[in-house]
Amino acid sequence: DLQGGMIQQYTFVAVGMFGVCIAAFVQIIIYFQRSNLFNGVILAFGLIFLLVFSTISTIHEIMVMDREKQQALQASESKGRFLANMSHEIRTPIHAVLGMDAMILRESNEAQIKEYALDIQNAGQTLLSLINDILDISKMESGKLEIIPAEYDFCSLIHDVVNMIEMKARDKGLALNLSVDAGLPSRLWGDDVRIRQILVNLMSNAVKYTETGSVGLAVSAVVYEDTANLTFRVEDTGIGIRKEDIEKLCHAFERIEEQRNRRIEGTGLGMNITTQLLELMGSRLHVESEYGKG
């Protein structure tokens, strides 16, 4: 190790071992020079010397590990700030592109131009959704993602979700089923922005992974005095999920059956964000699936 330079990995321990060797050598000399007298005092000092240097080595390693941990945390925070800043910066030109594209769709009478503009709109919305997901992930990692409750109209929320999903379902020839509990209050208190985001994530996944049949959203509620406990149920007749894959569903940047679903766009962020948002709301995601049936 000394010749190969490996001894640098345990310098303090090596010095302690060298000290023990010297103490042992001195102890042997005394043993032969003083008529086989052996009391072990010098060897004991050598062992104490080794213990002290081993302790110093351990403390040094702990300090190095702590320094590396701090550097890793700083690097992670820097990455989060970079992602957040880039997401904000990129969203501005995307909104500009989508705004100009909306003007083209509104003012142009040429079918071919409108078709191109729709393609731009779909691609832009997908890109914007991806950037928003990255921004949410960076906020979650830094602990800055918050639920901001306010009074909202429940019918408007469901209407917005259905409007966002209806065209995607129609393009794939899927039926869109909606069932809402008639006893639900029209005005509620909560973070409707995040609820809408969760429902769009779930419904978009249902549409993406369903080739034939239908997707559905059912909303029920248990109302007690001034509190309404809502249950949202999203169903589809899609490809389904294996039981062993259900727990992987909410892992960030992980997609189930990547090889099989490689043609379906996605980053694996949506479900992770959904489950974390639900946790912040004191709720949870429950998954039931039969593989091949939805």
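Begin by selecting strand 4 and strand 5, which form a hairpin with two residues between them, and look in the turn for Glu225, whose phi is positive at about 55°. This is a predicted model, which should be kept in mind at every stop. Ten bridges hold strand 4 against strand 5 in an antiparallel arrangement, and within that pairing Gly216 stands opposite Glu235 of strand 5.

Next, add strand 2 (residues 175-180) to the selection: six bridges join strand 2 to strand 4 (residues 214-224), and these two strands run parallel. To find the register, select Val180, whose bridge partner in strand 4 is Val219.

From strand 5, move to the aromatic residues, of which the structure holds two pairs. In helix 2 (residues 41-107), select Phe49 and Phe53, which are four residues apart, about one turn of the helix. Their ring centres are 4.5 Å apart and their planes stand at 45°, so the pair is tilted. Phe49 counts as partly exposed at 33% relative accessibility, whereas Phe53, at 19%, counts as buried, a value to read with the cut-off of under 20% in mind.

Then select Phe154 and Phe232, a tilted pair with 6.3 Å from centre to centre and 35° between the planes. Phe154 belongs to helix 4 (residues 154-171) and Phe232 to strand 5 (residues 227-236), so this pair ties together parts that are 78 residues apart in sequence. Phe154 is buried, with a relative accessible area of 3%, while Phe232 is partly exposed at 27%. One further ring deserves a stop: the charged end of Arg242 sits over the ring of Tyr291, 4.3 Å from the ring centre.

The last selections concern the salt bridges, of which the structure holds seven. Select Arg187 and Glu151, where the closest N and O atoms are 3.2 Å apart; Arg187 lies in strand 3 (residues 187-190) and Glu151 in strand 1 (residues 150-153), so the contact ties together parts 36 residues apart in sequence. Adding Asp153 shows a network of salt bridges that links Glu151, Asp153 and Arg187.

Now select Glu211 and Lys172, a salt bridge with its closest N and O atoms 3.5 Å apart. Glu211 is in the loop between helix 5 (192-208) and strand 4, and Lys172 is in the loop between helix 4 and strand 2. Glu211 is exposed at 53% relative accessible area, but Lys172, at 29%, counts as partly exposed.

Finish in helix 5 with Arg196 and Asp192, four residues apart, whose closest N and O atoms are 3.7 Å apart in a salt bridge. Arg196 counts as buried at 17% relative accessibility, and Asp192 is buried at 18%.

Terms used:
Residues are numbered from 1 along each chain as its sequence is written. This is a predicted model: local features need pLDDT of at least 70, side-chain atom pairs count only at pLDDT 80 or more; totals for chains, interfaces and linings use all residues. Side-chain values use heavy atoms; hydrogens and water are left out. Rings of Phe, Tyr and Trp (its six-membered ring) pair if their centres lie within 6.5 Å; planes under 30 degrees apart count as stacked, over 60 as edge-to-face and the rest as tilted. Buried means under 20% relative accessible area, exposed over 50%, partly exposed in between (1.4 Å probe, protein chains only). A charge sits over a ring if NZ of Lys or CZ of Arg is within 6 Å of the ring centre and within 35 degrees of the ring normal. Two strands pair if DSSP finds at least two bridges between them. A salt bridge is a side-chain nitrogen of Lys or Arg within 4 Å of a carboxyl oxygen of Asp or Glu.
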